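Biologist: I'd like to learn how to read contacts, burial and an interface in a model like this one. Could you walk me through it?

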Amino acid sequence: MMASGYNAKDEDGHIAVAGLGGGALRSRKPENTAFKQQRLPAWQPVLTAGSVLPAFFIIGLVFIPIGIGLYVTSSNIREFEIDYTGVDVSSPCFNCSQNFNWNSTKPCTCSIPFYLDQSYESNVFMYYGLSNFYQNHRRYVKSRDDSQLNGDPTELTKPSKECEPYAFHEHKPIAPCGAIANSMFNDSLELFYIDPNGTKVPVPLSSTGIAWWTDKHVKFRNPGGNPNLTAAFQGTVKPVNWRRPVYELDSDPENNGFINEDFIVWMRTAALPTFRKLYRVIQKRNGLMPTLPRGNYSLDVHYNYPVRSFEGRKRVILSSISWMGGKNPFLGIAYVSVGSVCFFLGVVLLFIHHKYGNRSSSADMSH
Amino acid sequence: MARERGEEEDTGGTGGKSAPKVKQRQRKKKTKESKTRTVHANILYDSAKGEESPNRHYANNKIKTTKYTLLSFLPKNLFEQFHRFANVYFVFIALLNFVPVVNAFQPELALAPVVFILSVTAIKDLWEDYRRHRSDKEINHMDCLVYSRAERRYVEIYWKELRVGDFVRLRCNEILPADVLLLSSSDPDRLCHIETATLDGETNLKQRQVVRSFYDLDCDFNPLKYTSVIECEKPNNDLNRFRGYIIHRNGRRDALYKDNLLLRGCTIRNTEEAVGIVIYAGHETKAMLNNNGPRYKRSKLERQMNVDVFWCVIILLIMCLFTAVGHGLWMFQYGDKRPVFDVLSPEGTDLSPIMSAIYLFLTMIIVFQVLIPISLFVSIEIVKICQVYFIHNDLELYEEETDSHLQCRALNITEDLGQMQYIFSDKTGTLTENKMVFRRCTVAGVEYSHDANARRLAMYQEVDSEEEECVSHGGTLPRRDSVTSHTSARVVLRSQSTKSHRRTGSRAECSSKMDFMRFHSQSLSTLSSDLCDIIDFFVALTICNTVVVSSPNQPRQKVTLDKAGMVSFLHRVINMFRRINLGMRFELKSPVKTIEDFIKRFTPSRLTSSNNSSSSSLNRSNNRGCSSLISSPSADSTLTKLDEEKTAPDLQHDFTPVPPYEAESPDEAALVYAARAYKCSLVGRLPDQVTVELPHLGKLSFELLHTLGFDSTRKRMSVVVRHPLTDQITVYTKGADSVIMDIIRPPDTGTSLRKRQKKIICRTQNYLNQYAADGLRTLCIAKKVLSKEEYACWLQRHLQAETAIQGREELLFESALRLETNLHLLGATGIEDRLQDGVPETIASLRKAGLQIWVLTGDKQETAVNIAYACKLLDPRRIHSPLSLNQEACMYLTNNINNMAAADLYPSLPVHRLGLVIDGRTLAYALDRSLEDKFLAVARSCRSVLCCRSTPLQKSMVVKLVRNKLKVMTLAIGDGANDVSMIQVADVGVGISGQEGMQAVMASDFALPRFSYLQKLLLVHGHWCYSRLANMILYFFYKNAMFVALIFWYQFYCGFSGSAMIDQWYLIFFNLMFSAFPQLITGTLDKDVSAETLQHLPQLYRSGQNSEEYKPYMFWMNMIDAFYQSLVCFFIPYFAYADSGVDLFTWGTPITTIALFTILLHLGVETKTWTWMNWLSICFSVALFFTVALCYNASCPTCYSPSNPYWTIQRLLQDPLFYFLCIITPCSALLPRYFYRACQGTLFPSAVQVGRQLDKLPPETRRNILSLSRVTTGSPLSLQPHFLSTNKPLPKDNEGTNNISQTYKKEDAGKDKDTSKDMYSFVNSEGDTLPYTKDLPRGELNISCKTPEALNTSPEVSHGLSPSLVTSPPLLSPTDSVVLPPEHGPPCVRYKRSSEEGIQGQDRTEHKIQVAL
């Protein structure tokens, strides 16, 4: 890459070592070692246009194909997005979105029809997306008690002060405590395939396997060995914004309480204010049928989660994934452009090298 | 009994007569209490158990150098550490974390780095303190013998139990436990020899003498009989001063001197036993008071760094403020509708946006704290320690001869070595070897060459076996023999340095031959007078000094045969008989019976009529002896020939081998050795007596009445002796010619004598000038005979002066002045001081490196100038060029300074490549506040400056002036005590561990064995240290800014809430662990250019001088680069993960990884030398990061709130996206820098880069180029100007110089119209083109081109000059090497050819100037 080659000039130093016979007598004489005399063999790259040139070309030539590969991979991913916030008056969810209250008793549902013009062949991942929701706010991120979530019985009734002011409600400990849990996304989404004959066929949505394995099995645990969750959470109250206590999140005991996967996914706070979280997976049933065939669909939303107060948006995303995750053309573009820039700079350096390089090149010095 | 008597005396005095006196004293005592200390013997108060002891208030001898006790350690150590501002800052930040509304990190974790740094320092301190404690304990428990009254004998006690007033008995090789006044010694001469190596490093023995009143005790000292009281000054730290007096029972007072005091820490040598009384104990001893901590200097780089740390603080505050305002606005936009993610305060209360913003400001200070690097200060110290280690271990800085290597005494200014601009050097012992060789002398106006002897004398000090040979040959050794017998390498070596003297040597021989003729024609009366002078001359050489005859190893026995006849006259007569007998052993077979007989024998039949004629002249028969005195081995002296055959056989037996001499200064030793070569040898010196062995006379003992020591104001020393032969009080004075010549007075009697004396003085002056011109150090010897009355009169006042406590120095000084008048000139000596090896080469290459070298010496102007020529400081090739002219002009001006009392422009003729020679008196004017600017303006435009005859104070004033006014980095190098002040003032003080003791070394920051090592120290180590540290500091700033900026960008995406996507652990340990090692390795080992190239191309040093590695703009460039890189490192992951389900720390961890890679690769781009250690450290860093991350992420699923990074990195490592990010981000982040470096390397490489390219070449090619590059214009260095031209002259400076030159014009316009015109227009052109010293080399050429125009004397001049200079393109000039040394082949020829005319032209210019003068 760079002008290189190990320096061989230091070898003569070692001859002198042999001549140092009476070294023992002169204690103060410094030792003649390559290290102490700062003569360690070394690679001394000199950065000039000529020596750096290959590096630029190589980077360019490697990056561009990678970039193309990544781009192609990304563009093969199918993604469909529906905004159901209901900002528009024409939107089916407009009425529901007018409700800013967390604990309104009246459930509000709305149904959004959409059309998929291409079928999804493999597993489809269903996400809900929120915009303008600062899950990464410093105080918000901290507002949780991991010990409580890990099933520590003492912490269950004595949430840590990090959870304040969502640790106690009317002097009873909140389980799960903290602002993150309190603000958990509580819309429920259902997907229906509308047959050409007009019947609504519910699309089976799998609610397990959406959280990290380690979260589900290590980090989050229900308190005690008690199989009866209701008893286990005795003495605690639900978070103020919740409609149901934590032990009623799901009927499946393996997906209830703290180990409810929707809950676990929510607890993994997003890095950026616009984020999506995995909601359901649509498993491919058999080899022949597409997971989601082309056609009309309807998304039924139990609209509970108010976002209009902070100008938030709610979306549902249906996406297939590849080996490198979801659809994101950026990395491919980045690779291609960085590669091209490198290649271009390489050409510039080539020019500089030819025009000016001779002046300082070592060959000319000896004149 | 004794006690009672003592008390009685103390309170009541001895009689009525002294009663009022005592009262007076008591009254005074109260007022004087603060000024003196009274010491009574403890023995008197034994029963009082110390409670009533008057000494109880004085410190006891227990020492405690520890700083802490077990209890006080923590608070005290912390308090001390918090003196460092940075520590306070970091602790403040850590504590801020404990405020709930503010806390950004887990408070305990935030404390970790601070606690780590503090505890490392604390442990280091504790360990040091423990060591101190142990050594204290050891010292406190050493044994010493103290007299116990109860047991009436000396008993052993611990040192710590010793009290002031105790009597201590000291044995040979014992260490002194306290400052002890010597009361008794087993030595027959009442002396005690001590070695002061622990105090000042000098290993020669020093004599201390028993207090005068206890001198005559014939029996052993009995403490019980001691009743005196000692009054002395308060404890102080001046090792060379002790004043006080002892009051005896009978009221008699005796003065006490420093010679009576034995200092704590010294070792008793050569003395079997001594007894003394403790005066100062424990912490009040002089040694302890001198025990100052190490000096702390702050290097230039560090000062510059602190400015940038300050900028970092500003940036930090701006960033915090920005974020705080952003947060306020962010909250404000939601109004009353509080979103769910904006969590209320723990109390559930709502925060207003403004309050929130204020809290956030504090939070951000914590989050961004990394910007002010806590580890920077620690890292810098580590790197500096490593640098010091390497400098210590450099083989090339080790001198085998003396087994000494370079010592770094100041650990924290290594990088300053790479930035020096001015060197102030002492001459003697620094440039020269300070091995003085007696070369020639003139006695009574006749000159004697000493050429061969000089060689032989050199052998004295080196080869003992050869000495014997010389001795056996005696004075009759023919000159050629001595040459052939010592064709050692030494002589060959020397021949170079003495080249300049050869010419004068032969002349001197001629002159002495002429003298021979004159001798024959002269009358006998003058001859004998001359002979007296000759004898006196050699006697003066021998005794007028403080040289001690050393008898190492065995305890001292009486060396001399005669036991001083100082008691009474009778005593002396007896002695004299014996001496005569001894002396005449070989010559006079018949014994002498009376003293008259003796005098008759020794008095020449024709007495001279000089004022001492009555008794002092010697017998004619002694002519032989006298003549042999001066029978130099050069054998040119006619006197030798007169009676050569007779002296030869005698001398062999007469000359007893004498042990080596120990002198305080090498000059003295040289003189004594020289006198010994003429058979006038010093055999013993006691405080009251000097024994001299003269041929035919044997040993003569001179009673030494007084020694008036040398001081720099008087510039002379004198001894007052009683001449054993004549019994006259004689004063011998030796000193600088300038002062001696002023106090010489020709005798009043007889006009012919007067005439002769005048002639002698005149002739001696001529010789002195010659000596000086030959670069010899000159000394004048004079004598004076005092009559009894005169002496008595003087003695009375002198004794008063000696016993005075207040102002004793001044009184003694005046007393000496009174004595040293109306002297009779005996002769003068010329001593050669050889140049050290490699000095000219070193100076030449240091100058090429752009260093201005000033020589500040106390020597004569001519001597200094000659040495300057010899070491190429002034250009000897240009003797006939403007240089020498201006030399003369300067001298002319300096010599006439007295006439130009108020004039200001005296010593100057600023023309490029000129030397400015200025002497001490002129310097005194030049350093005046009103003139110093002008002086500097002149001085810095000169090629070199020579200050001669300067005092130590002036030296330091000059250094201070240059340092403060020109704002340059100064280095002072010297070897003697007179350089100490200069060494301390300069930015870097270098001491030469040479001949003159250790004071300079003790005061210095670096100590070198020889001057020539300065070259490698500055050019190689200085350059490396500077460039390493500068790069490391810049890198540190970059690194922290880049890392912190990542978090800053994130604030835009987290509502300015102070959230960080980087795990707090990574955030806190990133600097301390992950990125710490590679930069330390690079900072320690990186070599931009190899040592060989650096030494061959001194021009590369300029990069350090101009601070090219670390300029203020570079800080900002680094900051901008850091911001760019952080943008890349932030936004590539941002877009790659945009709108995905990624959580905070799964997104933050790749960013941390990427940042680490980028930072390490950045270091890689900046690293110039990759050794295996660099590779290892980088691999280690990466491995460490991943190991820590893996362990940390797997360790605990519930801990580390709030990040809880459980299994994050493990998942990331399975994600291909992570790897793609890790590849592209560092590449694109470093792209601009890498590209810039490549372009810079090709398009406008700095000199250093060219040097690196040279390093790449095979060794032989490189050698060729290096040798060529000095002369060829097409050398690679032709690229340099690009770089250097960025140094634009400072406009301010420029104006300043202009103003100066204008004022010059104004002030002198009226004075000397037509003469000054040319000169000052000269100055003006200087001012225009020489704005400041850094540009000097470039300016040089311009000036030389312009000068003729400015002078405008004749068209040919400019015509003649310019081609010679234009041949080398001006751009090349920064490499001073283009100045074409003559020894190089073709280009030189070209130079000569083209400038032949030019030289003529220059000659003409000279002329003009001379006329102008």
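Modeller: Sure. Let's start with a definition: contact means heavy atoms within 4.5 Å. Keep in mind that this is a predicted model.

Biologist: Let's try that on a residue. Leaving aside neighbours within four places in sequence, which residues is Asp426(B) in contact with?

Modeller: With that cut-off, and skipping neighbours within four places in sequence, Asp426(B) contacts Leu431(B), Leu856(B), Thr857(B), Lys955(B), Ile973(B), Gly974(B), Asp975(B), Asp979(B) and Met982(B). There is also a side-chain link to Thr430(B), a polar contact of 3.5 Å.

Biologist: Where is Asp426(B) found in chain B?

Modeller: Look in the loop between strand S17 (422-425) and strand S18 (432-443) of chain B. The unreviewed UniProt entry carries the annotation "active site" for Asp426(B).

Biologist: And is Asp426(B) buried or exposed?

Modeller: The general idea is a cut-off: under 20% relative accessible area is called buried. Asp426(B) has a relative accessible area of 3%, so it counts as buried.

Biologist: Let me see a second case. What is the relative accessible area of Thr542(B)?

Modeller: That value is 0%, so Thr542(B) is buried too. Thr542(B) sits in helix H16 (residues 524-543) of chain B. Not counting residues up to four places away in sequence, Thr542(B) touches Val672(B), Ala675(B), Cys680(B), Ser681(B), Leu682(B), Arg685(B) and Val692(B).

Biologist: Now the interface. How do I read its size?

Modeller: People often give the size of an interface as the accessible area lost when the parts come together. Here, chain A and chain B bury about 9,100 Å² between them, and 63% of that is on carbon and sulfur atoms. The contact draws on 95 residues from chain A and 108 residues from chain B.

Biologist: How many salt bridges are there between chain A and chain B?

Modeller: The count is 5 salt bridges. One pairs Asp342(B) with Arg139(A), whose closest N and O atoms are 3.2 Å apart. For polar contacts, the count between the two chains is 28 residue pairs, both residues being at pLDDT 80 or more.

Biologist: Which parts of chain A supply the side that touches chain B?

Modeller: Several elements each supply at least two residues, including helix H2 (49-75), helix H4 (138-142), strand S8 (275-282) and helix H11 (330-360) of chain A. H11(A) gives the most, with 15 residues.

Biologist: What does that side of chain A have by class?

Modeller: On the side of chain A that touches chain B, you get 52 nonpolar, 25 polar and 18 charged residues.

Terms used: Residues are numbered from 1 along each chain as its sequence is written. Chains are lettered from A and ligands numbered from 1 in the order in which they are written. This is a predicted model: local features need pLDDT of at least 70, side-chain atom pairs count only at pLDDT 80 or more; totals for chains, interfaces and linings use all residues. Side-chain values use heavy atoms; hydrogens and water are left out. Buried area is the accessible area (1.4 Å probe) that two parts lose on being put together, summed over both. A salt bridge is a side-chain nitrogen of Lys or Arg within 4 Å of a carboxyl oxygen of Asp or Glu. A polar contact is a pair of N or O atoms within 3.5 Å; within protein, one must be able to donate a hydrogen and the other to accept it, and residues adjacent in sequence count only if both atoms are side-chain atoms. Helices (H or I, at least four residues) and strands (E, at least two) are DSSP runs, numbered from the N terminus. Ala, Val, Leu, Ile, Met, Phe, Trp, Tyr, Cys and Pro count as nonpolar, Asp, Glu, Lys and Arg as charged, and the others, Gly among them, as polar. UniProt positions are given in the numbering used here, feature names are shortened, and annotations may be inferred rather than shown by experiment. Buried means under 20% relative accessible area, exposed over 50%, partly exposed in between (1.4 Å probe, protein chains only).
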